[in-house]
Amino acid sequence: MASFIDLHHPPGSDRRADRMVRSTSEPLWLRRLLIGIVLAFFVLFLALPLIVIFQGALEKGFGYFLHNFTDHDILHSMLVTLIVALITVPANALFGIAAAWAITRFRFRGRQLLLALIDLPLWVSPVIGGLVYVLLYGRRGYFGPWLQAHDIRIIFAMPGIVLATTFVTFPFVARSLIPLMQAQGCEEEEAALTLGASGFEILRRITLPKIRWGFFYGLILCNARAMGEFGAVSVVSAKISGKTNTMPLEIERLYNDYLFASAFTVAAALSLLSLITLLLKTIAEWQNTRQLEAGRRALLESSIDTIPSKANA
Amino acid sequence: MSIEITALSKSFGDFPAVNNVNLKVETGEMVAFLGPSGSGKTTLLRIIAGLEFADSGNIFFSGEDVSEKSANERKAGFVFQSYALFNHMTIFENIAFGLRVVPRNKRLSKQEIRECVLSLLDTIQLSGLENRFPVQLSGGQRQRVAFARALAVKPRVLLLDEPFGALDAKVRRELRAWLSEFHNKTQLTSLFVTHDQEEAFEVANRVVIIHNGTIQQIGYPDEVRSKPANSFIHDFLALDI
Ligand SMILES: Nc1ncnc2c1ncn2[C@@H]1O[C@H](COP(=O)(O)OP(=O)(O)OP(=O)(O)O)[C@@H](O)[C@H]1O
Ligand SMILES: [Mg+2]
């Protein structure tokens, strides 16, 4: 409700806040220096590599660049990446909501442990994530003999790639929802409950609409990671070009085969996907603030017009 | 609908918030829970609604044991102290919510829902504001929307947690009169929590004084005022007068 209180500040109060920032800030030269350093870092470590990627991709001309997209192996790697994202993102969406719901709405034993476990993929190397699945489902692994007896291949095949990707991406949705749901509390859900709504109706009509931007943000992060993951996937994939290579693996293969222009082409495609993701994320955030602003403005108007006095009539 | 509570207890950790409460509320009664802050009034009300579950004891709605039933099965109309309106929905959708979540075979038609919501808006004197969002209403208006939302599903009992707690004195008095009148008209069994004794004595048929999770006295307003059962009640009532 902080936004609610903000409204009662007179319109001029912004300027005062501005002045405060100015009076507490550093001298001009220092500010310029800091901004300069940040910009230099940005150019060196983010912008330049991105430019180099696209430059490398176009090195042999635009025709060659386009020609790459008719290559079977390259197209197949894109397909694999797409399929992996299409499976892991929805799976993590479900898992993320379930985990966030359980952690923020119930008090149960092992809750803190679950909270810590959700973060596990963030502090364990992705390679280890991949290895765990090899140890579990690989030929010599724990379930290996049983899987072989039933002719099921997980490691060095699609299922393994999906599992490993799910492992590295599963904190994202849950992590972006938990603080949000904690802050919002559950009074609206309780109200819905007393009105006879089922758990599913509450989720659909109350919880999801309240968390939709955070949820969307989590999905985008999850998707970016699912498409870009290298470490975990490289352990469980047989790395057969045209069969089990994802885009990042295909980039490595092309690079190692000295097909630099092609490697950069796939890299450019992957970067483009990331840029689109970034754009979506920005739009999501922008929409979110816009909606908030609209709410505030409406509130401001309503406190000016005659409605409140009508209420007291 | 009558409500009967027998030997109800609830602890948070080892803190007894509600302690061996016995109470019978007759059909059509308006009963106030009066007590100082932290005495367990909200907890008791939440247990009756099914939002919290007792450690021991039973609750009967019209003789039927509902102790194990969930809040959405009990369908007690509940009005929260902070309203708990659905902020992402219009006033219309807020009030219609309980009607929309009914299983399809029992659900009213769109037109019927619309008529029902509009007539409720009329009852709470907010006609014309159905397309606003909760943030665009004043506190008193929000409070009435919360009422209408609870009433839309035709509950057999109304539970109000400090319904006027967050409002200024003038709006409070007006809404209090409105509630009294509403209750006289509908005879809907109602329980309401308050720590304002003037409110309790003016609106309720009977008053239940609660302290430290236990009922200190149950009686008609005059009775409680003229014959406080113990020194706590005597002192508590004397505070405001
Ligand atoms: N979820 C909870 N966990 C732990 N303790 C709780 C919880 N809810 C309530 N309590 C404790 O139970 C006691 C009774 O709380 P309750 O909210 O029922 O009081 P109240 O009579 O409604 O007070 P108020 O008039 O201030 O609203 C308080 O001491 C409170 O700290
Ligand atoms: Mg309370």
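Reader: What makes the link across the interface of chain B and chain A a salt bridge?

Author: The term requires a side-chain nitrogen of Lys or Arg within 4 Å of a carboxyl oxygen of Asp or Glu. The closest N and O atoms of B:R46 and A:E190 are 2.7 Å apart, so the pair meets the rule. Across this interface the rule finds one salt bridge. This is a predicted model, in which local features need pLDDT of at least 70 and side-chain atom pairs count only at pLDDT 80 or more, while totals for chains, interfaces and linings use all residues. Residues are numbered from 1 along each chain as its sequence is written, chains are lettered from A and ligands numbered from 1 in the order in which they are written, and side-chain values use heavy atoms, with hydrogens and water left out.

Reader: How do you know how many residues of chain B and chain A are in contact?

Author: Contact means heavy atoms within 4.5 Å. By that test, 28 residues of chain A are in contact with 35 residues of chain B.

Reader: What is the area that chain B and chain A bury between them?

Author: Buried area is the accessible area (1.4 Å probe) that two parts lose on being put together, summed over both. Here the figure is about 2,700 Å², with 59% of it on carbon and sulfur atoms. In chain B, the residues that lose the most area to chain A are B:N72, B:H88 and B:V101, together 18% of what that side buries.

Reader: Why is B:S37 said to be in polar contact with ligand 1?

Author: A polar contact is a pair of N or O atoms within 3.5 Å; within protein, one must be able to donate a hydrogen and the other to accept it, and residues adjacent in sequence count only if both atoms are side-chain atoms. A polar side-chain atom of B:S37 lies 2.4 Å from an oxygen atom of ligand 1, so the pair is inside the limit. For B:T43, a polar side-chain atom lies 2.5 Å from a ligand 1 oxygen. B:S39 uses a backbone N or O atom, 3.2 Å from an oxygen atom of ligand 1.

Reader: Which residues surround ligand 1, and what makes a residue count as near?

Author: A residue is near if one of its heavy atoms lies within 4 Å of the molecule. There are 13 such residues, and the closest are B:S37, B:G38, B:K41, B:T42 and B:T43.
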